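Good morning, and thank you for making time for this presentation. I would ask you to keep the sequence and the structure in view while I speak.

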Amino acid sequence: SNADLVKHKNVLKGHLALKVTDPQYWTHALAMRYLDGKDFTTGFAARVDAVTEDKVKLLLLALNEGSKVEYVVK
C-alpha cells in the first residue's frame, strides 16, 4: 500500500542518512562513485522519494514475468 511505501521510504532514508556520517562509507562510496557510470551517492533522498507505489508494482510484475534485477538492496 502507499502507506507502507511511505514507511519504508522513511526507514531507508534514515538508514542512508546515518550511513553517510561514517567515514568508511565515504571511502567505499568514492571508490565506487563513477564505476561503470553509476552514481549511487548523489541525491539519494530524492531518488528514494521518486519511488511510487505504481513503480514498485511494475517492478514486481516484471520480476514475476522472469525479468532480472541489476541490483539487490538489503
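**Contacts between the helices of a predicted model**

I begin with a pair of charged residues: Lys 57 forms a salt bridge with Glu 53, and their closest N and O atoms are 3.3 Å apart. Please bear in mind that this is a predicted model. Both Lys 57 and Glu 53 belong to helix H4, which covers residues 53–64, and they are 4 residues apart, about one turn of the helix. An α-helix has 3.6 residues a turn, so residues three or four places apart point the same way. As for their surroundings, Lys 57 is partly exposed at 49% relative accessibility, and Glu 53 is partly exposed as well, with a relative accessible area of 25%.

Let me now step back to the whole chain. How many helices and strands does the protein have? There are 4 helices and 0 strands, and along the sequence the pattern reads α-α-α-α. The protein has 74 residues, of which 11% count as buried.

A word on confidence is in order. The average pLDDT of the protein is 81, and 80% of the residues score at least 70. Among the helices named here, H1 has the highest confidence, with a mean of 91, while helix H2, residues 23–32, has the lowest, with a mean of 80. Where pLDDT is low, the predicted coordinates should not be read in detail.

I return to the charged pairs. The count of salt bridges comes to 2. Besides the pair in H4, Lys 13 forms a salt bridge with Asp 49, with the closest N and O atoms 2.6 Å apart. Which parts of the chain does the pair of Lys 13 and Asp 49 tie together? Lys 13 lies in helix H1, residues 2–19, and Asp 49 lies in helix H3, residues 44–49, so the salt bridge ties together parts that are 36 residues apart in sequence. Lys 13 is partly exposed, at a relative accessible area of 21%, and Asp 49 is also partly exposed, at 41%.

Another residue of helix H3 is Arg 47. At 49% relative accessibility, Arg 47 counts as partly exposed. The C-alpha atoms of Arg 47 and Lys 13 are separated by 9.7 Å, although these residues are 34 apart along the chain.

Next, the aromatic residues. The structure holds 1 aromatic pair. The rings of Tyr 25 and Trp 26 have their centres 5.1 Å apart and their planes at 80 degrees, so this pair is edge-to-face. Are these two residues buried or exposed? Tyr 25 is buried, with a relative accessible area of 17%, whereas Trp 26 is partly exposed, at 31%.

Finally, I come back to helix H4. Its 12 residues, at 1.5 Å a residue, should span 16 Å, and the end C-alpha atoms are indeed 16 Å apart, which agrees. After H4 comes Gly 66, whose phi is positive, near 100 degrees. There is also a nonpolar surface patch of about 370 Å², made by Val 51, Val 56, Leu 59, Leu 60 and Leu 63. Of these residues, Leu 59 lies in helix H4.

To close, I would ask you to find two places in the model: the salt bridge of Lys 13 with Asp 49, and the nonpolar surface patch that includes Leu 59. Thank you for your attention.

Key. Residues numbered from 1 in each chain as written. Predicted model: local features only at pLDDT ≥ 70, side-chain atom pairs only at ≥ 80, totals over all residues. Heavy atoms only, no water. Salt bridge = Lys/Arg side-chain N within 4 Å of Asp/Glu carboxyl O. Helix = DSSP H or I, 4+ residues; strand = E, 2+ residues; numbered from the N terminus. Buried < 20%, exposed > 50% of the residue type's maximum accessible area, 1.4 Å probe, protein only. Patch = residues over 30% accessible without salt bridge, like charges linked within 9 Å, V, L, I, M, F, W, Y side chains within 5 Å. Areas by Shrake-Rupley, 256 points an atom, 1.4 Å probe, with all protein chains shown as cover. Phe/Tyr/Trp six-rings, centres within 6.5 Å; stacked < 30°, edge-to-face > 60°. Expected span 1.5 Å × (residues − 1). pLDDT = per-residue confidence, 0-100.
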